[in-house]
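Q: Could we go through this structure together? I would like to begin with the protein and the DNA.
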Protein chains: 2
Amino acid sequence: MVTRKKVALRAGVSVSVVSRAMNNSGYVEAEKKKRILAIAEELGYYPHPVAEALQKRRTKQILFFCKDLKNSFYIDMYRGMVEAAGKRDYMVVFNGSMDFEKIRNAMIDGIIMPNEGITQHYLDTVGRNYRLPVVSASYGNAEGFSRAVPRVEIDMVRVMELAVRALRENGHRRIALGMPYPFSSMDARRLSFCSLMKEVYGDRLKEYYIGVHREDMAGDSRILSFLEDERREDGMQLMEEDFFGKGELAARLFAERRLDATAVVAFNDEFALGMCKAFHSMGLRVPEDISIIGIDGSSARKYMDPLLTSVGLFPEKQGAKCADILLDMLEGKKVKYVSGSPVQLVKGASVRKIR
Amino acid sequence: MVTRKKVALRAGVSVSVVSRAMNNSGYVEAEKKKRILAIAEELGYYPHPVAEALQKRRTKQILFFCKDLKNSFYIDMYRGMVEAAGKRDYMVVFNGSMDFEKIRNAMIDGIIMPNEGITQHYLDTVGRNYRLPVVSASYGNAEGFSRAVPRVEIDMVRVMELAVRALRENGHRRIALGMPYPFSSMDARRLSFCSLMKEVYGDRLKEYYIGVHREDMAGDSRILSFLEDERREDGMQLMEEDFFGKGELAARLFAERRLDATAVVAFNDEFALGMCKAFHSMGLRVPEDISIIGIDGSSARKYMDPLLTSVGLFPEKQGAKCADILLDMLEGKKVKYVSGSPVQLVKGASVRKIR
DNA sequence: TTGAAAGCGCTAACAT
DNA sequence: ATGTTAGCGCTTTCAA
């Protein structure tokens with residue numbers, strides 16, 4: 001292996017001069033520097049990243065603590081942070097397990113958490129006696145945690161408003177909400193939906209909430225796999241959720257209830273795609289018979305026929321911002337406690353104009 | 001920061017005893033060991049991964065040198081390797097750029113390459129004076145490179161045979177091939193298709209090859225984005241390809257040619273989904289009017305209506321095998337020069353039985 | 001402007 | 001069974 005020592009020996013100087021030459025810091029005679037650089041080049045010298053990391057106490061790596069690589073939303077977030085971090089010469093690693101202990105064995109300078117739940121859990125456990133900078137993605141459910149953890153928030157209240165407004169502008173009054181959780185969940189989407197629709201529905205509000213969860217699925221042959229989905233450990237989502245499958249079920253529930261809704265807002269695009277496919281198999285056409293709007297603005301939108309209208313969440317931007325904020329923290333800059341990430345309606349053809 | 005030194009001080013022993021206690025290697029009195037471990041626990045001591053990496057010259061990280069995180073095939077490969085590596089206490093990092101130089105600044109013990117093209121390019125450039133163990137995924141185009149690089153190969157000849165056989169067993173005789181490359185490309189799929197079909201088609205073979213590429217797209221408004229797609233640098237694919245979009249175009253080309261084919265084998269599932277959507281918009285039904293079979297067995301299959309029949313390539317397995325082989329190399333075991341990764345027909349509903 | 005030396009946190013050969 | 005010591009490859013005072 002070619003080390004600084006070898007280069008120094010060859011150049012007839014000491015390692016510290018070589019060091020200074022490489023980092024161009026401190027004094028070193030111009031001529032000498034050129035010669036040293038030339039020799040380094042010739043010898044094929046590259047600084048040893050591990051040694052540098054040990055000395056500088058900077059690994060130039062941050063961790064995205066997320067297991068769910070099946071979920072395209074998180075993949076996009078990851079892509080965003082990889083790109084942002086790359087620009088600042090950082091790598092983003094990914095451990096692929098939900099084992100907090102592993103964090104402590106990883107060569108990282110900071111952590112990005114994919115959502116509030118995991119952040120909170122982390123803070124309550126390992127985080128208590130392990131201080132590494134953390135940034136969290138967030139979706140309006142971050143009441144609990146301290147400002148020690150800056151977050152990049154997507155305003156789900158606003159998202160739901162955009163979805164409902166898009167439908168109302170097209171004449172829809174009766175709107176259902178398809179969700180993978182029971183009504184009791186405190187998901188910001190549900191909350192926002194309720195406050196937007198309560199004056200329309202009054203007491204019947206709950207009927208328009210299509211929640212796919214255990215109780216609704218008794219007797220369904222898929223119940224087992226869903227039970228798996230719902231298994232959590234320490235309040236943390238461990239399994240990847242099959243939103244598409246849940247969407248299909250939601251469509252069935254919707255049909256069974258014989259609602260007068262002309263449109264449905266889906267939990268996310270996967271869920272919407274599942275609903276659409278199931279509607280189709282039941283002979284319901286989208287958007288002629290029922291309009292659908294998704295949430296995410298994912299690239300999977302295009303698989304749907306008609307193209308899915310959705311509220312874009314731009315997870316890449318959110319991921320990029322998380323990375324940038326984390327790196328700012330590492331550089332000692334002070335950062336905002338909460339920053340927002342933009343959302344915007346992404347038009348498709350799955351919403352019909354009525355009346 | 002809690003170091004071994006502190007633990008040693010507190011326990012009234014020397015660092016090396018602590019070291020031995022932690023790694024349970026070498027001698028250390030049972031009682032003492034227990035006490036040391038207790039103290040470490042109490043102090044919240046964790047070994048410093050960077051220091052260990054420097055000393056042992058093992059970073060416990062391997063690199064997946066792949067930029068294209070938009071492609072679900074590579075994501076699945078990545079998931080497979082993350083899981084396999086995780087079991088052996090390794091992390092898989094991802095740099096997100098195609099900059100070979102960055103490899104040299106990364107804390108890694110080895111590299112997994114996503115395909116032969118990139119491997120070859122790497123060997124021809126940085127690899128020449130930088131020796132890190134490499135394993136490559138491969139698809140039957142690895143003539144060139146030496147056995148210094150073991151590969152995990154998916155037998156695309158076999159894949160095409162499975163696809164064609166599945167169609168023939170359902171009575172299809174006239175089969176087209178939809179590809180995102182010109183006929184001249186040496187893709188193993190094309191080669192295999194040709195050798196399987198030449199006796200059926202004779203001179204007309206080329207007509208049944210639907211190659212979406214520049215020449216075919218003159219006048220198409222999408223030409224610009226495709227030109228982008230086709231831009232390569234140093235023989236290496238830099239842009240993410242829009243297989244779905246190419247599939248849509250392929251369906252149009254197919255219709256224009258008025259072929260008598262009853263079925264089409266698509267380059268991959270994305271391509272197949274694109275074809276299906278376009279067929280649908282032209283009033284052609286799948287599989288009533290035309291059967292489609294994809295390649296990949298990706299989870300995106302489910303978005304299609306009807307569910308896409310495909311040849312499963314199980315990229316997760318391929319990725320896992322790449323990781324295992326690479327780690328075997330790092331452990332000094334000797335490994336096979338080429339190993340295979342299984343493929344298998346994955347049934348759907350996009351192939352109709354005819355006659 | 002240069003070089004010697006200490007040290008980042010850990011391991012392992014060697015002496016005790 | 002334990003401690004001393006010499007590194008791993010690099011940076012950074014500090015003295016020359």
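Q: Which part of DNA strand D is 2.6 Å from an N or O atom in the side chain of Tyr45(A)?
A: In this predicted model, that part is a phosphate oxygen of DNA strand D. Such a pair is a polar contact, meaning two N or O atoms within 3.5 Å; within protein, one must be able to donate a hydrogen and the other to accept it, and residues adjacent in sequence count only if both atoms are side-chain atoms.

Q: Before going on, how are things numbered, and what was included?
A: Residues are numbered from 1 along each chain as its sequence is written, while chains are lettered from A and ligands numbered from 1 in the order in which they are written. Local features need pLDDT of at least 70, side-chain atom pairs count only at pLDDT 80 or more, and totals for chains, interfaces and linings use all residues, with side-chain values using heavy atoms and leaving out hydrogens and water.

Q: Back to strand D: which atoms of Gln55(A) and Ser14(B) are involved?
A: For Gln55(A), an N or O atom of the side chain is 3.3 Å from a sugar or linking oxygen of DNA strand D. For Ser14(B), a backbone N or O atom lies 2.9 Å from a phosphate oxygen of that strand.

Q: How many residues are around DNA strand D?
A: There are 24, and Arg4(A), Ser19(A), Tyr45(A), Ser16(B) and Tyr27(B) come nearest. A residue is near a strand if one of its heavy atoms lies within 4 Å of it. Of the atoms of DNA strand D within 4 Å of the protein, 62% belong to sugar and phosphate.

Q: Which helix gives the most to that surface?
A: H2(B) does, with 3 residues. Helices H2 (15–22) and H4 (49–56) of chain A and the helices H2 (15–22) and H4 (49–56) of chain B each supply at least two residues. Helices (H or I, at least four residues) and strands (E, at least two) are DSSP runs, numbered from the N terminus.

Q: What about DNA strand C? Which residues are closest?
A: Lys32(A), Gln55(A), Arg4(B), Ser19(B) and Tyr45(B) are the closest of the 24 that surround DNA strand C. A polar side-chain atom of Tyr45(B) lies 2.6 Å from a phosphate oxygen of this strand, and one of Asn23(B) lies 3.3 Å from a phosphate oxygen.

Q: Which part of strand C does Ser16(A) approach?
A: A polar side-chain atom of Ser16(A) lies 3.3 Å from a base nitrogen of DNA strand C. H2(A) gives the most to the surface near this strand, with 3 residues.

Q: Changing topic, how much area do the two protein chains bury between them?
A: Chain B and chain A bury about 4,100 Å², 63% of it on carbon and sulfur atoms. Buried area is the accessible area (1.4 Å probe) that two parts lose on being put together, summed over both. Tyr46(B), Met107(B) and Tyr303(B) supply 17% of the area that chain B buries against chain A, more than any other three residues.

Q: How many salt bridges and polar contacts are there between these chains?
A: The count is 0 salt bridges, a salt bridge being a side-chain nitrogen of Lys or Arg within 4 Å of a carboxyl oxygen of Asp or Glu. There are 13 residue pairs in polar contact, with both residues at pLDDT 80 or more.

Q: And within chain A, which domains are assigned?
A: Domain 1 covers 61–154 + 315–342, and domain 2 covers 157–312; the bounds come from an automatic or database domain assignment. These two domains of chain A bury about 990 Å² between them, 56% of it on carbon and sulfur atoms.
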